[in-house]
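Reader: I've got a model open and a few things I'd like to ask about. Mind walking me through it?

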2 protein chains.
Amino acid sequence: MDARTPPQAMPSALHIGDIARRSGRSVHTIRWYEAQGLMPGVTRDRGRRRVYSDYHIGWLDLMERLRLTGMSIKQLREYTALVKQGSATLRKRRALLAQHQLRVQAMIAKWTEALTLVDAKIEFYDEWVAGGTRPMVSPQQRARAKRTATKA
Amino acid sequence: MDARTPPQAMPSALHIGDIARRSGRSVHTIRWYEAQGLMPGVTRDRGRRRVYSDYHIGWLDLMERLRLTGMSIKQLREYTALVKQGSATLRKRRALLAQHQLRVQAMIAKWTEALTLVDAKIEFYDEWVAGGTRPMVSPQQRARAKRTATKA
DNA sequence: GCTTGACCTAGAGTATGCTCTAGCATGTTG
DNA sequence: CAACATGCTAGAGCATACTCTAGGTCAAGC
């Protein structure tokens, strides 16, 4: 009765379960992402089921990397909104990603700095365990020395 | 009546407000940290007010760095519990910090990897904006190429 | 001795980011 | 055509890490 699409007409027509399996997320999470405005170009089939393509696998990979590097759902939503608006927003998208890139680089620098104290603390414990007495040089002093050495 | 400690007997006797100001936290947060078992060696004065020393400034600095690098409150609690138990737990503390150090290093590696896609995406947008048409080489392909180049 | 500010406890409220349940519809397969 | 998987919506629940409110106590200065 109804004009069905031939099985191989599209490069890929995935249902939510397929996307869930292939992206390593739960179907709940994927629907929730869509509700949050993080899933561009999701269509529906006759039975109102969501239809995805391979594009969405790549998309979720990007979302994951951005999330992993600390981008909030709110910012992902902004980025997704720009993508939905088409190529007129290319510059804005670029700016948004460049801003994020800077934030991540800053964060990595901060983490590296925070590690100096942890390194110093471990060294301190090593000496304490080896010597049996609390070392003279405090972890804070060591960390400071390390930072100075790195800068020099 | 009661044997009062002379005013200058201790190197520093700080109240919660001083600690809050000097550590950049709110008094609420500091009390909450204590309730979570993250504040060793807090004593009370006659009026049941918390008394801190300079030690706690350094302690909160460590807590902040560990938190910043993704250690959970639960893990901080474990570490703090070890510190409270004294020098018998030195090896355990060292192990806990070393484990965290590895996690942070792995995290930095992961972030750096996640950045390759963002870098590639920005480059892709730059070409698109400059050329007016969607470039042939996808961000994913670029990112893959970058990762290969880095490895080689 | 009274006001003012800092402090106290207990517990409620908030933001973020999922994660799952309930109850029902639809699609596929033997 | 029945059974069973898969999907749907709406909304509740949860973990984490704070953040703040309410209602009262305490200490020091005037």
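Reader: Which helices each supply at least two residues of the surface near DNA strand D?

Author: First, this is a predicted model, where local features need pLDDT of at least 70, side-chain atom pairs count only at pLDDT 80 or more, and totals for chains, interfaces and linings use all residues. Residues are numbered from 1 along each chain as its sequence is written, with chains lettered from A and ligands numbered from 1 in the order in which they are written. "Near" means that a residue's C-beta atom, placed from the backbone, lies within 6 Å of the strand, and helices are DSSP runs (H or I, at least four residues) numbered from the N terminus. Both chains take part: helix 1 (16-23) and helix 2 (27-35) of chain A, plus helix 2 (27-35) and helix 4 (73-84) of chain B.

Reader: And which helix gives the most to the surface near DNA strand C?

Author: Helix 2 and helix 4 (73-84) of chain A, with helix 1 (16-23) and helix 2 of chain B, each supply at least two residues there. The top contributor gives three residues, and that's helix 2 of chain A.

Reader: What rotation superposes chain A on chain B?

Author: The fit is by least squares on C-alpha atoms of residues with pLDDT of at least 70 in both copies. It gives an RMSD of 0.1 Å, with 0.0 Å of shift along the axis, for a rotation of 180 degrees. The two copies are thus related as by a two-fold rotation axis.

Reader: Which residue of chain A comes closest to the rotation axis?

Author: Going by C-alpha, the distance is 3.2 Å. The residue is A:Ile108.
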